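Biologist: Before I rely on the terms used for this model, I should like to hear what stands behind each of them. Please set every value against its definition.

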Amino acid sequence: MDSKEITGEWDYSSLPANVLLGPGCFIERKESFRRFRSTRDPGLRLGANVIVHTWAEFSVEPEGQITIGDDSVLVGPVFMCAERISLGRRVVISYQVTIADSDFHPLDRAARRRDAIANAHGGDARLRPPLETRPVVIEDDVWIGIGAIVLKGVRVGRGARIAAGAVVTRDVPEGAWVAGNPARATDAETAS
Amino acid sequence: MTPILSHDWFDRPVPDNVRIGAGSWLHSAYAFLHNCSERPCALSVGRNTGIYQGSFFELGPQGEVRIGDYCTLVGVIIACNGPVLIGSYVFLAHEVVIADHFAAVPWRRGADSICPGPQAEPSVVLGDDVWVGARATLLKGARVGSGAIVGAGTVVDFEVPPGAVVAGNPARIVRRAHA
């Protein structure tokens, strides 16, 4: 392996044309885009001075679109995006975080069976039932802790803190702290 | 001086302040991708300990990790700016993170960090014979007593008594050692 591809010294112009980078961005690892399949324009927009570390993954479906605000630090988010995930400015996402705007499989049992067959080895993925998607919005100055998971349809209000290991299934108000699985309101003392 | 690992694929050397004991294994100098430790010994490892792919030492300038003998680190990220003390016969499963801050980020030289500055107390201490399950997070203040078990996905920033089992999120002690 060429170590330039894992230390941020690779040629960012080799990214797909629908990836827009603001000035001063750092993208450590080229492989972060291995599962980037967006056909939207832009499919990904990074603001100015965004830092994208080794563990980040942009797993984006053809209809998916991600925007990241200025001065955000993405350490280890796995973005699983089928519609839209947007992050504000100065958002910090720590290690081993997952953010998804869909469950990526139906919940109804009969539909799951059709999905399993269409997805199986030798199956025809065009026969998959449609995905339910709901956009995820992370507002300015939010910090997302180690190993947290943020699920579809969630809006995290400005300045909120998501504790390590939290599984967020509902909206988080501005400035709130949440922790646990499922995530519930807590105080800063307990969560940090 | 630690020589370049003979099996390594990464073209940077292991930092000079890393000491690996006889019979121990380190997957790659890639583990020190973001290491900023300026301590005389950033990492010391005893004998017959394995540190496998996916492990990273994301140490701040005052970060310092000591690991005993016969440990297995399947893929742990340690992001601390103080001492981390790990005993012997310790098992750390996949995607375990040990950090000073709930939203830790890698240290970058010359950049501000949201992570706290150095402290006198160790960040995290794990006794002998401790097992830590996959995706557990050990935050500053975690003191896991000898023989204790931390369940998968559990977040610990408190003292776990020797021999106890702690699990769940929020964490609770689900079993205590027999007296």
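Biologist: Why is A:R35 called partly exposed?

Modeller: Its relative accessibility is 42%. Buried means under 20% relative accessible area, exposed over 50%, and partly exposed in between, with a 1.4 Å probe and protein chains only. The value of 42% falls in the middle class, so A:R35 counts as partly exposed. As to the basis of such values, this is a predicted model in which local features need pLDDT of at least 70 and side-chain atom pairs count only at pLDDT 80 or more, whereas totals for chains, interfaces and linings use all residues. Residues are numbered from 1 along each chain as its sequence is written, chains are lettered from A and ligands numbered from 1 in the order in which they are written, and side-chain values use heavy atoms, with hydrogens and water left out.

Biologist: What makes the pair A:E57 and A:R35 a salt bridge?

Modeller: The term requires a side-chain nitrogen of Lys or Arg within 4 Å of a carboxyl oxygen of Asp or Glu. Here the N to O distance is 3.5 Å, so the pair satisfies the rule. A:E57 belongs to strand β5 (residues 57-60) of chain A, and A:R35 to the loop between β2 (26-27) and β3 (44-46), 22 residues apart. Helices (H or I, at least four residues) and strands (E, at least two) are DSSP runs, numbered from the N terminus. A:E57 is itself partly exposed, at 25%.

Biologist: How do you know that A:D115 and A:R128 form a salt bridge as well?

Modeller: Their closest N and O atoms are 2.8 Å apart, which means that the pair meets the distance rule. This bridge links A:D115 in helix α1 (residues 109-119) with A:R128 in the loop between α1 and β12 (136-138), 13 residues apart. The partners fall into separate classes: A:D115 is buried at 3%, whereas A:R128 is partly exposed at 26%.

Biologist: Why can the pair A:D140 and A:R158 be said to tie together parts of chain A?

Modeller: The two form a salt bridge at 3.5 Å between the closest N and O atoms. A:D140 lies in the loop between β12 and β13 and A:R158 in the loop between β15 (155-156) and β16, so the bridge joins parts 18 residues apart in sequence. A:D140 is called buried because 18% is under the limit of 20%, and A:R158, at 43%, is partly exposed. Over all chains, the count comes to 15 salt bridges.

Biologist: How many salt bridges are there between chain A and chain B?

Modeller: The count between them is zero. The rule does, however, find nine residue pairs in polar contact across the interface, both residues at pLDDT 80 or more. A polar contact is a pair of N or O atoms within 3.5 Å; within protein, one must be able to donate a hydrogen and the other to accept it, and residues adjacent in sequence count only if both atoms are side-chain atoms.

Biologist: What makes this an interface, in terms of contact and area?

Modeller: 35 residues of chain A are in contact with 29 residues of chain B, where contact means heavy atoms within 4.5 Å. The buried area is about 2400 Å², and carbon and sulfur atoms give 63% of it. That area is the accessible area (1.4 Å probe) that two parts lose on being put together, summed over both. In chain A, A:Y95, A:Q96 and A:I146 lose the most area to chain B, together 25% of what that side buries.

Biologist: Why is B:D8 described as having no salt bridge?

Modeller: The nearest side chain of opposite charge, B:R12, is 10 Å away, so the limit for a salt bridge is not met. In this count Lys and Arg are positive and Asp and Glu negative, while His and the chain ends are left out. B:D8 is buried, and its side chain makes a polar contact with that of B:S28 (2.6 Å). The side chain of B:D8 also reaches the backbone nitrogen of B:F10 at 3.1 Å.

Biologist: Why is B:C80 called buried?

Modeller: At 1% relative accessibility, B:C80 is under the 20% limit and therefore counts as buried. B:C80 lies in the loop between β7 (72-79) and β8 (83-86) of chain B. Beyond its neighbours within four places in sequence, its contacts include B:E58, B:I98 and B:S123.
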